[in-house]
Amino acid sequence: MKSLWIFFSFLCVSCQSLEEGKIRVTGDFQSGVFAIGGETTGYELKAKRKTYELLLPDAIRREKEKFHRKKVTVEGKLLEQDGVEIRKRLIIKVEKMDLGY
């Protein structure tokens with residue numbers, strides 16, 4: 001797991017390492033995302049060189065319009081999920097989300 005984390009930290013230009021397995025990423029938030037076959041969480045964060053899907057907790061999901069199409073910073077755990085159309089989906093299980101930074 002540690003080698004996987006090190007690999008992803010090199011890929012992410014706009015991320016910061018926190019405690020092991022967690023990251024902080026700043027980028028543009030979009031809600032209402034659709035994908036063929038339903039292979040999406042419905043929320044994404046476009047950072048400088050990567051796009052992440054976001055798993056939002058209910059508290060943040062209720063406020064998603066406040067963040068829609070704005071620059072946000074999220075903190076959470078980085079997950080990798082196998083997909084059909086997208087072989088490896090990068091998903092952040094969000095614990096905290098703030099405007100800007």
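How many bridges pair strand 5 with strand 6, and in which sense do the two strands run? There are 11 bridges, and the sense is antiparallel. I will start from that pair and work outward. Please keep in mind that this is a predicted model.

First, the overall layout. The chain has 101 residues, and its secondary structure amounts to 3 helices and 6 strands. If you read along the sequence, the order is α-β-β-β-β-α-α-β-β. So much for the list; now the pairing.

Strand 5 covers residues 71-82, and strand 6 covers 88-99. A hairpin of 5 residues connects the two. To find the pairing on screen, look for G76, which sits opposite V94 in strand 6.

Strand 5 has another partner. Strand 2, residues 22-31, pairs with strand 5 through 7 bridges, and this pairing is antiparallel as well. A residue pair to look for here is R24 with its bridge partner E75 in strand 5.

Strand 6 also pairs with strand 4, residues 51-55. What is the sense of that pairing, parallel or antiparallel? Strands 4 and 6 run parallel, with 3 bridges between them. L54 is the residue that stands opposite I92 in strand 6.

Strand 4 in turn pairs with strand 3, which spans residues 43-46. These two are antiparallel and joined by 3 bridges. The connection is a hairpin of 4 residues. Within this pairing, L45 has Y52 of strand 4 as its bridge partner.

One general remark while we are on strands. Side chains in a regular strand alternate between the two faces of the sheet.

Next, two places in the loops. G83 belongs to the loop between strand 5 and strand 6. Which residues does G83 contact, apart from neighbours within four places in sequence? They are E39 and R89. E39 is 44 residues away from G83 in sequence, yet their C-alpha atoms are 7.2 Å apart in space. On contacts across the whole chain, take those between residues at least 6 apart in sequence: 53% of them join residues at least 24 apart.

The other place is R69, in the loop between helix 3, residues 64-67, and strand 5. R69 is not a glycine, but its phi is positive, at about 60°. Is R69 buried or exposed? R69 is exposed, because its relative accessible area is 61% and the cut-off for exposed is over 50%.

Now the pocket. Rolling a probe the size of a water molecule over the atoms shows where empty space is left. The largest pocket in this model holds about 200 Å³ of space. Its lining is made up of 14 residues, and those closest to the centre are E44, T51, E53, I86 and R89. R89 is the residue we just met as a contact of G83. Strand 4 and strand 6 each contribute at least two residues to the lining. Sorted by class, the lining has 6 nonpolar, 6 charged and 2 polar residues.

Last, the surface. The chain exposes about 6,600 Å², and 51% of that comes from carbon and sulfur atoms. As for the residues, 38% of them count as buried.

To go back to the opening question, the place to begin on screen is the pairing of strand 5 with strand 6 and its 11 bridges. From strand 6, go to strand 4, and from strand 4 to strand 3. That is all I have.

Technical notes
Residues numbered from 1 in each chain as written. Predicted model: local features only at pLDDT ≥ 70, side-chain atom pairs only at ≥ 80, totals over all residues. Heavy atoms only, no water. 1 Å grid on protein atoms, 1.4 Å probe; cavity = no way out; pocket = protein on both sides within 12 Å on 5 of 7 lines; lining within 4 Å. Points joined across faces, edges and corners; volume = space filled by probe spheres on them. Nonpolar A, V, L, I, M, F, W, Y, C, P; charged D, E, K, R; others polar. Pairing = 2+ DSSP bridges. Buried < 20%, exposed > 50% of the residue type's maximum accessible area, 1.4 Å probe, protein only. Contact = heavy atoms within 4.5 Å. Areas by Shrake-Rupley, 256 points an atom, 1.4 Å probe, with all protein chains shown as cover.
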